[in-house]
Amino acid sequence: MDDDLDRALDAVGPRLRALRRERETTLADLSVATGISVSTLSRLESGGRRPTLELLLPLAKAHGVTLDELVGAPPTGDPRIHLRPVAAFGMTMLPLTRRPGGIQAYKLIIPAGGRAEPDPKTHEGYEWVYVLNGRLRLVLGEHDLVLAPGEAAEFDTRVPHWFGRADDQGVEFLSLFGSQGERAHLRARPRDRE
């Protein structure tokens with residue numbers, strides 16, 4: 001096998017683990033969905049087992065990604081990105097990044113409707129949100145905040161938190177999320193020297 005193929009196959013395990021964690025799915029749940037044993041899934045993610053087509057097809061289906069995305073196939077020359085929205089927790093999440101690990105970017109849309117009761121959750125990571133349209137209600141620990149378009153917030157996700165609409169109108173916002181606690185670093189342009 002050539003080096004490019006070896007590198008592509010070696011990258012499948014971390015990509016599988018990142019997809020599973022991103023969707024907050026356990027190995028046991030994924031085993032039920034795919035019919036692949038927990039031990040095989042674990043070895044695939046750790047790199048202890050080489051991926052085969054018969055293993056990758058049900059995994060791609062379970063994660064809702066194409067086989068090309070799962071194995072990190074090289075681009076075909078078409079510069080368009082084919083984003084696949086995911087509906088969960090009463091909102092639509094549109095992933096804006098395609099690589100596993102590191103900071104992940106999402107556009108989130110909460111449709112118009114009645115107000116939901118906050119149900120704060122915690123998990124590992126660090127998040128930054130920026131409101132594009134509408135008004136976002138952010139319950140963060142003891143704080144109950146309303147963010148308007150152009151406003152941003154950042155926080156450690158180990159603090160109980162919840163997002164929702166602040167009124168009956170829909171809301172759209174961007175989220176940068178680092179599952180390992182990575183923070184977004186913003187760089188300012190250096191001042192012109194005189």
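These questions and answers go through two sheets and one cavity of a predicted model.

Visitor: In what order do the strands of the six-stranded open sheet stand?
Guide: Strands of a sheet pair through backbone hydrogen bonds, either parallel or antiparallel. In this six-stranded open sheet the pairing is antiparallel. Read across the sheet, the order is S1-S2-S3-S9-S4-S7.

Visitor: Which strands of that sheet have one side left without a neighbour, and why?
Guide: A strand at the edge has a single partner strand, so one of its sides has no neighbour in the sheet. That is the position of two strands, 86-88 and 152-156. Their names are S1 and S7.

Visitor: What does the twist of the six-stranded sheet average from one strand to the next?
Guide: The sheet in question has the order S1-S2-S3-S9-S4-S7. From each strand to the next, its twist averages 25°.

Visitor: Which residue in S2 is the bridge partner of Ala 88?
Guide: S1 pairs with S2, residues 91-95, in the antiparallel sense. Three bridges make up this pairing. In S2, the partner of Ala 88 is Met 91.

Visitor: Which strands are at the edges of the three-stranded open sheet?
Guide: This sheet is antiparallel and has the order S6-S5-S8. An edge strand here pairs on one side only, as do the strands at 143-147 and 161-165. They are S6 and S8.

Visitor: By how many degrees are neighbouring strands of the three-stranded sheet turned against each other on average?
Guide: The three strands stand in the order S6-S5-S8. With direction ignored, the average turn between neighbours in this sheet is 20°.

Visitor: Which residue in S8 stands opposite Val 139?
Guide: S5 covers residues 136-140 and runs antiparallel to S8. Five bridges join the two strands. Opposite Val 139, in S8, stands Trp 162.

Visitor: How much space lies in the second largest cavity?
Guide: Rolling a probe the size of a water molecule over the atoms shows where empty space is left. The structure holds two cavities of 30 Å³ or more. The space in the second largest cavity is about 30 Å³.

Visitor: Which helix gives the largest share of the lining of that cavity?
Guide: Helix H2 (27-34) and helix H3 (38-46) each supply at least two residues of the lining. The largest share is three residues, and it comes from H3.

Visitor: How many charged residues does the lining of the second largest cavity have?
Guide: The lining consists of Leu 16, Leu 27, Leu 30, Leu 41, Leu 44, Glu 45 and Leu 59. By class, six are nonpolar and none is polar. The number of charged residues is one.

Terms used:
Residues are numbered from 1 along each chain as its sequence is written. This is a predicted model: local features need pLDDT of at least 70, side-chain atom pairs count only at pLDDT 80 or more; totals for chains, interfaces and linings use all residues. Side-chain values use heavy atoms; hydrogens and water are left out. Two strands pair if DSSP finds at least two bridges between them. Helices (H or I, at least four residues) and strands (E, at least two) are DSSP runs, numbered from the N terminus. Axes are lines fitted to C-alpha atoms, for helices over the stretch in contact, and angles run from 0 to 180 degrees between N-to-C directions. On a 1 Å grid over the protein atoms alone, a cavity is a set of points where a 1.4 Å probe fits but cannot get out, and a pocket is an open set with protein on both sides within 12 Å along at least five of seven lines; lining residues have an atom within 4 Å of a point. Grid points are joined across faces, edges and corners, and a volume is the space filled by probe spheres set on the points. Ala, Val, Leu, Ile, Met, Phe, Trp, Tyr, Cys and Pro count as nonpolar, Asp, Glu, Lys and Arg as charged, and the others, Gly among them, as polar.
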